[in-house]
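Hi,

Here is the structure I promised to pass on. Please have a look, then read my notes below.

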Amino acid sequence: MRVALAAAVRDLPRAAGLAYEPKFDGHRLVVVRSAAEVSLQARSGRIVTSAFPDLATAALQLPAGTVLDGEVVVWHAGRTDFALVQRRAAATAARAAVLAQSLPASYAAFDVLELAGLDVRARPYERRRALLVDLLLPLGPPLQPVPMTTDPELAATWYETLPASGIEGLVVKRLDQAYPAGRRGWQKLRHTDVRDAAVVGYTGTPRRPLALVLVLPVGDETPLVSSPLTAALRREVAEAAAARGSAARGSAEHGSAEPRVTVTAIGLGEVPYRPLDPPLTAEVRHASARHPPPEVIRLRTDL
């Protein structure tokens with residue numbers, strides 16, 4: 001199931017026929033309720049049902065032939081906590097059952113793609129939204145529709161006040177728009193200059209990554225070397241690289257001291273790095289200029 005994506009904007013769009021939703025800080029998740037079971041699909045397409053048994057159980061209340069798009073979040077101390085979502089997503093099946101009790105997940109649904117076996121993606125967002133609300137409101141938590149408004153002034157208030165609850169910003173959609181599967185047909189307004197970047201490799205060794213090689217979603221596609229990683233990020237990158245497989249792993253295991261590819265780093269010249277295939281995704285803070293190098297905020301290891 002290819003999910004809809006959003007293009008970043010710097011200012012709040014204001015026009016007739018727009019809808020505004022809070023952008024929750026969690027993992028993208030597609031809920032598929034078949035006649036026999038529930039499957040939970042990450043943005044990458046990977047099935048992660050075993051990591052969220054509490055959501056899978058709750059989704060059994062949905063009618064067969066239902067597909068929802070949304071975000072899984074974990075609330076802690078009155079706000080969503082992305083680190084706790086990461087912890088849930090990375091848990092083994094046995095550990096997931098324990099975490100479901102201590103760190104229960106919530107599902108912030110923002111679209112319905114199929115209902116009672118009928119594909120509704122071609123219907124306008126306004127109609128899909130009404131179907132979503134009618135479907136989920138009788139069920140209640142942990143399956144909930146995200147708030148929505150068509151009032152840009154209320155949306156602006158949300159944008160200014162909701163970050164204290166862990167809300168990243170806003171997602172803006174056209175009321176007459178079909179579901180833009182696989183396309184950046186929505187718009188997103190974030191509070192910071194944080195953006196997603198493709199992690200195409202890393203410097204250092206598989207056991208001790210030093211920095212990430214990134215391709216930003218704006219401008220040219222020239223890879224950039226990030227600022228040095230924190231100890232926590234080094235561990236995450238090492239684990240993620242081991243799980244996905246590094247294209248340079250074979251040479252490393254056979255004693256090759258250096259990877260086969262290089263990237264130009266400002267002030268450092270040609271820097272050897274180990275490529276990752278497929279790439280990972282990281283959130284980075286980076287200005288439009290090439291100085292300083294991008295700062296890696298966190299790694300999105302599951303999506």
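Which loop holds alanine 116? The loop between strand S7 (105-115) and strand S8 (118-119). Keep in mind that this is a predicted model. Alanine 116 is not a glycine, yet its phi is positive, at about 55 degrees. Its relative accessibility is 61%. The cut-off for exposed is over 50%, so alanine 116 counts as exposed.

Alanine 77 is worth a look as well. Here phi is near 55 degrees, a positive value in a residue other than glycine. The residue sits in the loop between strand S5 (66-76) and strand S6 (79-80). Alanine 77 counts as exposed because its relative accessibility is 74%.

Next, the cis peptide. Proline 141 and proline 142 are joined by a cis peptide bond, with omega at about 10 degrees. Where is proline 142? It is in the loop between helix H4 (125-136) and strand S9 (143-145).

Last, strand S12. This strand covers residues 194-204, and 8 of its 11 residues are buried. Strand S12 is therefore largely enclosed by the rest of the structure. Its partner is strand S13 (residues 209-215). The two run antiparallel, with 6 bridges between them. One pairing to check by eye: tyrosine 202 has leucine 212 in S13 as its bridge partner. The connection from S12 to S13 is a hairpin of 4 residues.

Best wishes

Technical notes:
Residues numbered from 1 in each chain as written. Predicted model: local features only at pLDDT ≥ 70, side-chain atom pairs only at ≥ 80, totals over all residues. Heavy atoms only, no water. Buried < 20%, exposed > 50% of the residue type's maximum accessible area, 1.4 Å probe, protein only. Pairing = 2+ DSSP bridges.
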